[in-house]
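Here is a quick tour of one model, written for someone who likes to see the numbers next to the atoms. Have the viewer open and follow along.

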Amino acid sequence: MKEGEKVESYLVFRDLAIIIIFAKLCGIIARKCKAPQVVGEIIAGLLIGPSVLGWVNQSDFLAQMAEIGVILLMFSAGLETDLKDLVKTGPIAVLIAISGVFIPLICGALLYMGFYGMSPWGSEGFYKAVFVGTILTATSVSITVESLKEMGKLKGRVGTTILSAAIIDDVIGIIVLTFVIGFKNPESNPMNVLGNTVLFFLFAIVVGFISYRVFKAVDTRYPHTRRIPIAGLAFCLGMAYIAEKYFGIADITGAYVAGIILCSIRDSNYIAEKMDTNSYIIFGPVFFASIGLKTNVDNLSMGILIFSLAFVVTGLLSKIIGCGIMARCCKFNPTDSMKIGVGMMTRGEVALIVSQKGLTAGLLTPVYFTSVILLIIVSSIMTPIILKILYAKDKGEAAAA
């Protein structure tokens, strides 16, 4: 038993070496082709994963490494957030998030009923249809954050609005998920989730005020020293743990809130720089490659393939329409509204978590994981490319003007 465990530990080193080499190689090729680096890293995961070469399989260790990667990414995003812009875009972000949840929820439910027939209210088919819509409500802006950072567009009204709306979208999505599961599981109390969400943000305000004062004092006394980013990382991980463990909020929300709390101290950029180093070298490539590693098309039938394609199209368009139209109503110009809609259409670990919850509750069968993973891959690849085109269009218009 011990010998087997020892061999398994050595296999982890091999897997990491393959992931890092292929992720960076494909990332360089993607940049040569004028595409964001993250697109190459996702394709690298597809190539070395079970779908093509089969050299690396998703393991618990790699999944945990990927989770650390997304937490560091969201922490860095919080650190680079302009707090004044965040407060300014708050009410608008709430409206965009609500529309970005409601439209995909309705579209997803109608899609399922279109394929498998209309079901009466309260029936098993009705609950399954609503749950498919619930999967589409999830937003994962990790890819968007990395793409905006590459282009230097993370700060500003559009980038901050996307980040703010994504956090609020995540909270609303958790509440919707709990309500839907509550249909099947009487022990699940949606009001508890709503209460826990409010309590978490109250907790974050109190702890955030105290932590900010402490970090500010230490930063003043020991400016630009390594103890600042070390303490910042510990604070990020602690907030991620507390959010998930005690409040039932996604850990990435806790990490992002931790970044926002520290974004106004003098050395916030120094902390972000250190976090980016760790993320760029190992945790980021593992996270983005893991999206491709999760894909396995062995059991894909024609019926599931057709449904999956419709699921992907519905998932992409419903977010663009829901978030984009509301952004336009909030007086964003057409191009910026499109950027917000596209930035919100990525799906990632949140969609997989929601799907897993549905599987446990009996609202989803394993075969539909193919649809979810296909949506994650397509949205993760298309989002950076479309964003780059939209921002290049801005440059072209500015040059013409």
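A residue counts as buried here when its relative accessible area is under 20%, and as exposed when that value is over 50%. Cys263, at 10%, is therefore buried. One caveat before going on: this is a predicted model.

**Cysteines**

How many disulfides does a search of the whole structure find? The count is zero. Take Cys329, which is in no disulfide. Its nearest cysteine sulfur belongs to Cys330 and sits 6.7 Å away, while a disulfide needs the two sulfurs within 2.5 Å. Unlike a buried residue, Cys329 has a relative accessible area of 55%, so it counts as exposed.

**The chain as a whole**

The protein chain has 15 helices and zero strands. Of its 401 residues, 53% are buried. Contacts reach a long way along the sequence: taking those between residues at least 6 apart, 80% join residues at least 24 apart. The accessible surface adds up to about 18300 Å², and 67% of that belongs to carbon and sulfur atoms.

Val39 gives a concrete case of a sequence-distant pairing. This valine is in helix H2, which covers residues 37-48. Val39 and Thr383 are 344 residues apart in sequence, yet their C-alpha atoms are 9.3 Å apart in space. Leaving out residues up to four places away in sequence, Val39 touches Ile381, Pro384 and Ile385. Is Val39 buried or exposed? With a relative accessible area of 5%, Val39 is buried.

**A cavity and its lining**

Rolling a probe the size of a water molecule over the atoms shows where empty space is left. In this model the search turns up two cavities of 30 Å³ or more. The second largest holds about 40 Å³ of space. Which residues line the second largest cavity? They are Val132, Ile135, Phe307, Phe311, Leu364, Tyr368, Ser371 and Val372. By class, that lining divides into seven nonpolar residues, one polar and no charged. Helices H5 (124-137), H12 (302-329) and H15 (369-400) each supply at least two of the lining residues.

Ser371 deserves a closer look. This serine lies in helix H15 and is one of the residues lining the second largest cavity. Its relative accessibility is 1%, so Ser371 counts as buried. Beyond residues up to four places away in sequence, Ser371 touches Ile304, Phe307, Ser308, Phe311 and Val312. Phe307 and Phe311 also appear in the cavity lining.

**Positive phi in the loops**

If you check backbone torsions, two non-glycine residues are worth picking out. His224 has a positive phi near 55 degrees and is in the loop between helix H8 (190-221) and helix H9 (227-247). Lys331 also has a positive phi, of about 75 degrees, and is in the loop between H12 and helix H13 (334-343). Lys331 counts as exposed, because its relative accessibility is 74%.

**Burial side by side**

Here are the relative accessibilities for the residues discussed above.

| Residue | Relative accessible area | Class |
|---|---|---|
| Ser371 | 1% | buried |
| Val39 | 5% | buried |
| Cys263 | 10% | buried |
| Cys329 | 55% | exposed |
| Lys331 | 74% | exposed |

Technical notes: Residues numbered from 1 in each chain as written. Predicted model: local features only at pLDDT ≥ 70, side-chain atom pairs only at ≥ 80, totals over all residues. Heavy atoms only, no water. Buried < 20%, exposed > 50% of the residue type's maximum accessible area, 1.4 Å probe, protein only. Helix = DSSP H or I, 4+ residues; strand = E, 2+ residues; numbered from the N terminus. Contact = heavy atoms within 4.5 Å. Areas by Shrake-Rupley, 256 points an atom, 1.4 Å probe, with all protein chains shown as cover. 1 Å grid on protein atoms, 1.4 Å probe; cavity = no way out; pocket = protein on both sides within 12 Å on 5 of 7 lines; lining within 4 Å. Points joined across faces, edges and corners; volume = space filled by probe spheres on them. Nonpolar A, V, L, I, M, F, W, Y, C, P; charged D, E, K, R; others polar.
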